[in-house]
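Visitor: I should like to examine the side chains of this structure, with attention to surface patches and charge pairing. May we begin once it is displayed?

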Amino acid sequence: MSASTVVTPPESPAVPRIVPLRRPGRWVSAAVVLAALGVLLWSMATNEQFQWAVVARYFTAEAVLRGLGLTLWLTAATLVLGFLLGGLLAVMRLSGNPVLVGVSWGYVWLFRSVPLLVQLLFWFNIGALYPALSGSTAVIGPLTAVIIGLVLHEAAYAAEVVRGGILSVEAGQVEAGLALGMRRSRVLRRIVLPQAMRSIVPGAGNLLIGTLKGTSIVSVLAVQDLLYSVQLIYNRNYLIIPLLLVATIWYVIVTSLLSAAQYWVERYYSRGAGRLS
């Protein structure tokens with residue numbers, strides 16, 4: 001090749017132009033939803049029937065705060081006692097003992113089949129079956145009947161949540177612990193449960209929020225929870241809508257806080273699970 005020869009490099013292929021996919025339907029639907037939401041919020045803010053001034057006046061009333069405190073206490077007690085009993089039922093169901101398995105299965109079947117309101121009314125009227133208890137309101141009073149009914153009802157659902165979490169752990173984890181000479185109780189406490197919590201926490205969080213809202217049913221037994229407290233007030237002043245809004249806003253606030261706590265607990269137990277946070 002002579003020195004005067006010029007070699008021209010081959011032309012690079014043209015880079016194709018990337019055109020983003022247009023989705024006009026997505027923007028139109030978003031605009032419609034935002035417009036509808038704006039109209040709804042505007043109607044709520046300007047409708048005098050909502051009586052927001054009355055809502056603000058009763059939002060922190062002493063009777064309302066007492067009812068809220070009892071609602072939170074009932075929710076916490078039901079959750080703790082329900083999951084203690086539910087955990088025991090889950091272990092019984094997985095024990096392999098046919099008697100324990102049958103008792104646990106029968107318990108869950110029965111208490112998931114009977115509506116919660118029926119259970120509360122049953123425990124409140126237990127004196128009709130056992131007259132010795134009918135004269136002692138300290139034994140089976142309205143609050144005691146509510147606690148018994150809520151805990152027994154919660155335990156049936158908690159048992160399935162815990163059982164599902166335990167079953168999500170590979171059987172090889174248990175076998176490895178037993179091969180190391182660990183007792184089954186220690187394997188359950190130190191190996192199985194920490195891993196099962198990733199599956200238990202979401203279900204437990206949903207059950208907790210459902211329990212919080214479900215406590216409103218205790219008002220039928222004249223237990224002064226949040227809903228019953230606002231009912232007592234609007235039965236005197238007939239301001240039904242604003243008082244119901246007071247209860248609604250408190251339920252939304254507490255539920256939102258519990259949802260945030262559930263999110264952080266899930267993140268804690270999801271560490272090292274091999275997924276993006």
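Visitor: Which residues make the nonpolar surface patch of about 400 Å²?

Guide: The model is a predicted one. Patch members must have over 30% relative accessible area. Leu37, found in helix 1 (residues 24–46), has 44% relative accessibility and therefore counts as partly exposed. The patch is made by Leu34, Leu37, Leu40 and Leu41.

Visitor: Which residues gather in the patch of positive charge on the surface?

Guide: One of them, Arg183, is found in the loop between helix 8 (171–179) and helix 9 (184–214). Its relative accessible area is 60%, so Arg183 is exposed. The residues that gather there are Arg183, Arg186, Arg189 and Arg190.

Visitor: About how many helical turns separate Arg66 and Glu62?

Guide: The side chains of Arg66 and Glu62 meet in a salt bridge, at 3.1 Å from N to O. Both residues are exposed. Because they are four residues apart in helix 3 (residues 62–93), their separation is about one helical turn.

Visitor: Which residues are linked in a network of salt bridges?

Guide: Arg93 and Glu160 meet through their side chains in a salt bridge of 3.4 Å, N to O. This pair links distant parts of the chain, with Arg93 in helix 3 and Glu160 in helix 7 (residues 142–167), 67 residues apart. Glu160 also forms a salt bridge with Arg163, the closest N and O atoms being 2.9 Å apart. The network thus links Arg93, Glu160 and Arg163.

Notes:
Residues are numbered from 1 along each chain as its sequence is written. This is a predicted model: local features need pLDDT of at least 70, side-chain atom pairs count only at pLDDT 80 or more; totals for chains, interfaces and linings use all residues. Side-chain values use heavy atoms; hydrogens and water are left out. Patches are made of residues with over 30% relative accessible area and no salt bridge: like charges are joined within 9 Å, nonpolar side chains (Val, Leu, Ile, Met, Phe, Trp, Tyr) within 5 Å. Accessible areas come from the Shrake-Rupley method with a 1.4 Å probe; for residues, only the protein chains shown count as cover. A salt bridge is a side-chain nitrogen of Lys or Arg within 4 Å of a carboxyl oxygen of Asp or Glu. Lys and Arg count as positive and Asp and Glu as negative; His and the chain ends are not counted. The place of a charge is taken as NZ of Lys, CZ of Arg, CG of Asp or CD of Glu. Helices (H or I, at least four residues) and strands (E, at least two) are DSSP runs, numbered from the N terminus. Buried means under 20% relative accessible area, exposed over 50%, partly exposed in between (1.4 Å probe, protein chains only).
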